[in-house]
Amino acid sequence: MQFALAETDLLQAYADMSVTRGIDDIERSLIRHSHDHPPVRDLNRESDRRRTFPQQVADALVRAVGSWAFLGIQVVLSGAWVTVNFLALTDRWDPIPFPLLNLVIGFEVVLGIVIALMAVNRTADRERLRAQSEFEMHVKLEEELRAVMTHLEVQDEVLLEIIQRLDHNERELRRLTRRLGIEERAG
């Protein structure tokens, strides 16, 4: 009985050593992933920082001209202009068909178009920044996905190696127990 107990301890020590060596081998084969890409940028803040004073004024004018308040003011002023000129019994500064009003409105239209085009150019610049950022993000995602896939492939290999070692150790343990005449216990 003493002999069988010593053999069992010996077999357990051998199995522990084998498992420890296997774990050390596996730890050495693991991939360590590092994030070496630049941080994500806030494009709105970056674009706003790049704006010059004239661009800021143009953006403010575009917001004002493109509002319902501006449209309401234009309608009221144009109506007042026509009414005052039409009702003036003397000294009409802009007689019918109101050429001066047409000139003022034409000037506003040209100014509005130029301001709108400046806003469109700024929007195009912002979209180019956004497209560049999305490209960089997709490159980062592709790198991360490649790293994850590589890590999963290595894990698959490590798991197969663990299974093979466990199978080998189990076969070796059974061979040794048969050789030493130790009965396997069920359970």
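Is Arg 146 buried, exposed or partly exposed? In this predicted model, Arg 146 comes out as partly exposed, because its relative accessible area is 48% and the exposed class starts over 50%. Its salt-bridge partner is Glu 142, with the closest N and O atoms 2.9 Å apart. Glu 142 is partly exposed too, at 47%. Both residues sit in helix α5, 4 residues apart, which is about one turn of the helix. That spacing makes sense: an α-helix has 3.6 residues a turn, so residues three or four places apart point the same way.

Now step back and look at α5 itself. The helix runs over residues 99-180, 82 residues in total, and spans 118 Å from its first C-alpha to its last, close to the 122 Å expected at 1.5 Å a residue. Right after α5 comes Gly 181, with a positive phi near 80°.

Slide along α5 and you'll find another pair of the within-helix kind: Arg 130 and Glu 127 join their side chains in a salt bridge at 2.7 Å, N to O. They are 3 residues apart in α5, so about one helical turn separates them. Arg 130 is partly exposed at 30% relative accessibility, and so is Glu 127 at 40%.

Arg 126 does something else. Its side chain meets that of Asp 48 in a salt bridge of 2.9 Å, N to O. Asp 48 belongs to helix α2 (residues 43-50) and Arg 126 to α5, so this pair ties together parts that are 78 residues apart in sequence. Arg 126 is partly exposed, with a relative accessible area of 23%, and Asp 48 is also partly exposed, at 36%. The two don't act as an isolated pair, either: Asp 48, Arg 51, Asp 59, Arg 122 and Arg 126 are linked in a network of salt bridges. Across the structure there are 11 salt bridges.

For a contrast, try Lys 140, which is also in α5. This lysine counts as buried because its relative accessible area is 13%, and the cut-off for buried is under 20%. The C-alpha atoms of Lys 140 and Pro 39 are 10.0 Å apart, though their positions lie 101 residues apart along the chain. That is, the two are 101 residues apart in sequence.

Last stop: the second largest pocket, at about 240 Å³. The elements giving two or more residues to its lining are α3 (53-65), α4 (68-87) and α5, and α5 supplies the largest share, 6 residues. Among the lining residues are Leu 61, Phe 70, Glu 108 and Ile 115. By class, the lining has 8 nonpolar, 3 polar and 1 charged residues.

Conventions
Residues numbered from 1 in each chain as written. Predicted model: local features only at pLDDT ≥ 70, side-chain atom pairs only at ≥ 80, totals over all residues. Heavy atoms only, no water. Expected span 1.5 Å × (residues − 1). Buried < 20%, exposed > 50% of the residue type's maximum accessible area, 1.4 Å probe, protein only. 1 Å grid on protein atoms, 1.4 Å probe; cavity = no way out; pocket = protein on both sides within 12 Å on 5 of 7 lines; lining within 4 Å. Points joined across faces, edges and corners; volume = space filled by probe spheres on them. Nonpolar A, V, L, I, M, F, W, Y, C, P; charged D, E, K, R; others polar. Salt bridge = Lys/Arg side-chain N within 4 Å of Asp/Glu carboxyl O.
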